[in-house]
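Reader: I should like to learn how salt bridges are read from a structural model. Could you take me through the case at hand?

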Amino acid sequence: MAASIVQNVLSKAAEDEAEKLKSIQVDKVVELEYDVGNLLAYDINDIDVNQFRADKEAYLANLSRDNVQLLINQIFQLPTIKVDNEVVIKLPSATTRLPRAKPAPKEKALSKWEKYAKEKGITQRKKSKATWDEELQKWVPRFGFKKALAEKEKNWVVEVPGNAKDDVDPIALRKTKKQESVAKNELQRLRNISARMQKSKTKAKISLEPTERPTAEQLNRSVFIAHTATASVGKFQPNLKEQKPVLKSGQKRHFDPLVGDIKRETSKSLDILNKLSSKKPKLDIDKAVNRELNTPGSLDYKGKGMEKKSKTQLKKDLGKRKHKGTKDKKMSGKKGDRSAGRSTVKKGGKRTGNKN
């Protein structure tokens with residue numbers, strides 16, 4: 001009795017295990033289409049609607065399991081190779097073109113030295129990070145602060161030529177020569193970048209080479225580049241006083257819409273009309289005073305033997321001239337003689353004047 005119960009339990013467990021481990025042979029009415037290079041399988045068979053409505057989750061799980069089994073069967077039919085005692089299958093080239101989320105990256109342009117090395121067939125040999133110095137009798141790195149310390153320790157005495165002047169400092173000359181060499185290399189690097197940009201037909205907004213008299217646009221662009229050359233790309237960098245915004249590459253200019261707020265358009269049109277209809281011209285007092293002070297031949301010119309006037313006094317004089325409201329307009333003749341060709345226009349339209 002007990003033996004029969006144990007046998008029934010074992011047989012039931014074996015049946016349950018057999019149900020879990022399904023066969024690798026899967027039968028389909030229509031064969032699947034495979035793209036093993038992308039690990040894709042297309043099932044174009046019809047869906048059993050009755051089974052799908054009865055138990056949707058179980059039906060989709062069984063269908064996915066069968067299709068994955070068929071794809072794995074196709075993969076194991078490919079030739080295998082051994083790499084480091086591991087069996088590896090080399091997938092064939094893909095046949096389905098999948099869309100990219102981003103454009104394909106462009107190849108990085110070769111530098112001047114890389115182009116030369118490629119043409120001449122020069123291969124880069126890996127150098128050791130440290131070299132043996134016979135004079136110091138120790139290993140010295142090829143670059144870095146330890147290299148600079150070793151050079152200072154080695155060249156603590158500099159020989160001065162016999163024909164050198166007494167005030168010549170050879171250590172300072174060597175330091176200056178090193179700085180000039182670094183500046184020359186940096187200038188050459190910037191020239192190479194500018195040449196590559198011109199070859200690729202991209203117009204640079206600002207010259208990368210240093211200039212003696214940079215324009216306002218170049219200075220503004222340089223300030224913008226320095227402003228954004230931070231870890232946060234200038235997000236937390238405070239703006240300078242009176243710093244103008246710079247138009248970034250790819251950024252479009254902002255124009256007001258043709259049809260917008262009626263009140264705003266009306267106020268703009270009225271301002272333009274008032275400026276055009278106003279008879280009194282606007283006078284910049286500071287500009288006029290500076291011109292009066294710096295113009296030779298004027299009464300207030302700051303020349304030798306002439307009476308000097310302060311800016312406040314000149315502003316008062318110009319203010320009086322502005323509000324005087326003279327009706328006659330004077331027309332000057334030749335520069336040498338102010339009275340030559342002087343004429344007066346009256347209300348009647350007749351013109352009278354001196355004739356020489």
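Reader: With which residue does K28 form a salt bridge, and how far apart are the closest N and O atoms?

Author: This is a predicted model. The general test is distance: a side-chain nitrogen of Lys or Arg must lie within 4 Å of a carboxyl oxygen of Asp or Glu. Here K28 pairs with D43, and their closest N and O atoms are 3.3 Å apart. The two residues belong to distant parts of the chain, 15 residues apart: K28 sits in the loop between α1 (2–20) and β1 (33–35), while D43 sits in the loop between β2 (40–42) and α2 (49–54).

Reader: Why does D43 count as partly exposed?

Author: The class between buried and exposed runs from 20% to 50% relative accessible area. D43 counts as partly exposed because its relative accessibility is 27%.

Reader: How many salt bridges does a search of the whole structure find?

Author: The search finds 7 salt bridges. One of them joins the side chains of K154 and D133, at 3.2 Å from N to O. This pair also links distant parts of the chain, with K154 in helix α5 (residues 145–154) and D133 in strand β5 (residues 130–133), 21 residues apart.

Reader: Is D133 buried or exposed?

Author: Buried means under 20% relative accessible area. D133 has a relative accessible area of 14%, so D133 is buried. Its partner K154, at 22%, is partly exposed.

Reader: Which residue forms a salt bridge with K138?

Author: The partner is E153, with the closest N and O atoms 3.5 Å apart. Because K138 lies in strand β6 (residues 138–141) and E153 in helix α5, the pair ties together parts that are 15 residues apart in sequence. K138 is partly exposed at 35% relative accessible area, and E153 is partly exposed at 45%.

Reader: Which residues are joined into one network by salt bridges that share partners?

Author: That network consists of D133, K147, E151 and K154. The pair of K154 and D133, described above, is a salt bridge of 3.2 Å.

Reader: What average pLDDT does the protein have, and where does pLDDT stay under 50?

Author: The protein averages a pLDDT of 76, and 71% of the residues score at least 70. The value stays under 50 over residues 303–308, where the model has 3 contacts beyond four places in sequence. Residues 325–356 also stay under 50, and for them the model has 22 such contacts.

Key: Residues numbered from 1 in each chain as written. Predicted model: local features only at pLDDT ≥ 70, side-chain atom pairs only at ≥ 80, totals over all residues. Heavy atoms only, no water. Helix = DSSP H or I, 4+ residues; strand = E, 2+ residues; numbered from the N terminus. Buried < 20%, exposed > 50% of the residue type's maximum accessible area, 1.4 Å probe, protein only. pLDDT = per-residue confidence, 0-100. Contact = heavy atoms within 4.5 Å.
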